[in-house]
Structures are given as C-alpha cells and as structure tokens.
Amino acid sequence: MLQQLAFIQHSQHSIYLNARYNNGCTALHLACSAGNTDIVHSIFVICHQHHNLKDTSGMTPLHYACKSRIVGIVSLFMIASIVFNARDNDGWTALHHAKEL
C-alpha cells in the first residue's frame, strides 16, 4: 500500500514522520504518548500526515493522546476531525483508554 510522504525540511535534512518503529509507532504516536502538545501541533499543521495510522497493537495516535490525558492534544484531534471510533486489537476505542486511567 502506498502512503503519502510527509517531510519536515530542516536545514539540509528531511525527516520522514510516517516512519515506523518496530512496534509500528510513528512520531505522532510518540509525541502523543509523551504529552508533547507543541510537537503534535507541529505535525498536524506542517506535515498533514496520516493521523489514523495504527501501531502493531492497533492503537492510533488518538489512543495514545487519550491515555496521556492531555486535553490540549485531544482537542487538536477534535479540530482535525480525526476518527474517534477506531478500535485497537483489544476492541478498545480511545475513549476506553481515557476512562481506564
């Protein structure tokens, strides 16, 4: 499956933000998990990357945002009209994860 490329130009280097780690996480997953609102905002505004990509456990960045319980990050997802009913491999939505903590 072809995916859109999303790059940030920084001096002479490009960073591929849809790159995945072994667990399937992207930079957006990690920024949401860390609760870093500024980085999440930058990825949303500058990169226009796929915001609903799932990791190997089926979790989207929104799942991580809800787990981190950072309202500002969840609000960014709401503004961007991200799919809220996506389920992970256990059948949980992001709201299930928010409630669990």
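## Close-up views of a predicted model

**View A. The two sides of helix α4, with exposed residues on one of them.** V71, M78 and I79 are exposed, and they lie on the other side of α4 from its buried residues. This model is predicted, not determined by experiment. The residues of α4 that are buried are I73, V74, L76 and F77. Looking down the axis of α4, one finds these buried residues within an arc of 150 degrees, so they line one face of the helix. As a general guide to such a pattern, an α-helix has 3.6 residues a turn, so residues three or four places apart point the same way. Just beyond the end of α4 comes S81, which has a positive phi of about 55 degrees.

**View B. An aromatic pair formed by F44 and F77.** When the whole structure is searched, one aromatic pair is found. The ring centres of F44 and F77 are 5.0 Å apart and the ring planes stand at 80 degrees, so the pair counts as edge-to-face, a term used for planes over 60 degrees apart. The two residues come from distant parts of the chain, since F44 belongs to helix α2 (residues 37-47) and F77 to helix α4 (residues 71-79), and 33 residues separate them. Are these two residues buried or exposed? Both F44 and F77 are buried.

**View C. Helix α1 beside helix α3.** Two packed helices are described by the angle between their axes and the distance between the axes. Here the axis of α1 (residues 27-34) comes within 7 Å of the axis of α3, and the two cross at roughly 10 degrees. This angle makes α1 roughly parallel to α3. Which residues make the contact? On the α1 side they are L28, H29, C32 and S33, while α3 contributes P61, Y64, A65 and S68. Within α1, the buried residues are L28, H29, A31 and C32. These four cover an arc of only 165 degrees around the axis, which puts them on the same side of α1. Just after α1, the chain reaches G35, whose phi is positive, at about 75 degrees.

**View D. Helix α3 and its surroundings.** Six of the eight residues of α3 are buried, so this helix is largely enclosed by the rest of the structure. The buried residues are P61, L62, H63, Y64, A65 and C66, and the elements against which they pack are α1, α4 and α5 (94-100). Among the elements of the protein chain, α3 (residues 61-68) also has the highest mean pLDDT, at 90.

**View E. R69, the residue that follows α3.** R69 sits in the loop between α3 and α4. Most residues other than glycine have a negative phi, and most peptide bonds are trans. R69, however, is a residue other than glycine with a positive phi, near 60 degrees. With a relative accessible area of 49%, R69 is partly exposed.

**View F. A98 of helix α5 and its contacts.** A98 is found in α5, and it counts as buried at 18% relative accessibility, because buried means under 20%. Once its neighbours within four places in sequence are set aside, A98 is in contact with C66 and R69. The C-alpha atom of A98 is 5.2 Å from that of K67, although these two residues are 31 places apart along the chain.

**View G. The N-terminal stretch, residues 1-14, and the chain as a whole.** Across residues 1-14 the pLDDT stays under 50, and the model has 26 contacts for this stretch beyond four places in sequence. Strand β1 (residues 7-10) has the lowest mean pLDDT among the elements of the protein chain, at 41. Where pLDDT is low, the predicted coordinates should not be read in detail. For the protein chain as a whole, the mean pLDDT is 78, and 79% of the residues reach 70 or more. The chain has five helices and two strands, which follow the pattern β-β-α-α-α-α-α when read along the sequence. Of its 101 residues, 38% count as buried. Among the contacts with a separation of 6 or more, 57% are between residues 24 or more positions apart.

How values were computed: Residues are numbered from 1 along each chain as its sequence is written. This is a predicted model: local features need pLDDT of at least 70, side-chain atom pairs count only at pLDDT 80 or more; totals for chains, interfaces and linings use all residues. Side-chain values use heavy atoms; hydrogens and water are left out. Rings of Phe, Tyr and Trp (its six-membered ring) pair if their centres lie within 6.5 Å; planes under 30 degrees apart count as stacked, over 60 as edge-to-face and the rest as tilted. Buried means under 20% relative accessible area, exposed over 50%, partly exposed in between (1.4 Å probe, protein chains only). pLDDT is the predictor's confidence in each residue, from 0 to 100. Contact means heavy atoms within 4.5 Å. The arc is that of the directions from the helix axis to the C-beta atoms. Axes are lines fitted to C-alpha atoms, for helices over the stretch in contact, and angles run from 0 to 180 degrees between N-to-C directions. Angles under 35 degrees count as roughly parallel, over 145 as roughly antiparallel, 65 to 115 as roughly perpendicular and the rest as oblique.
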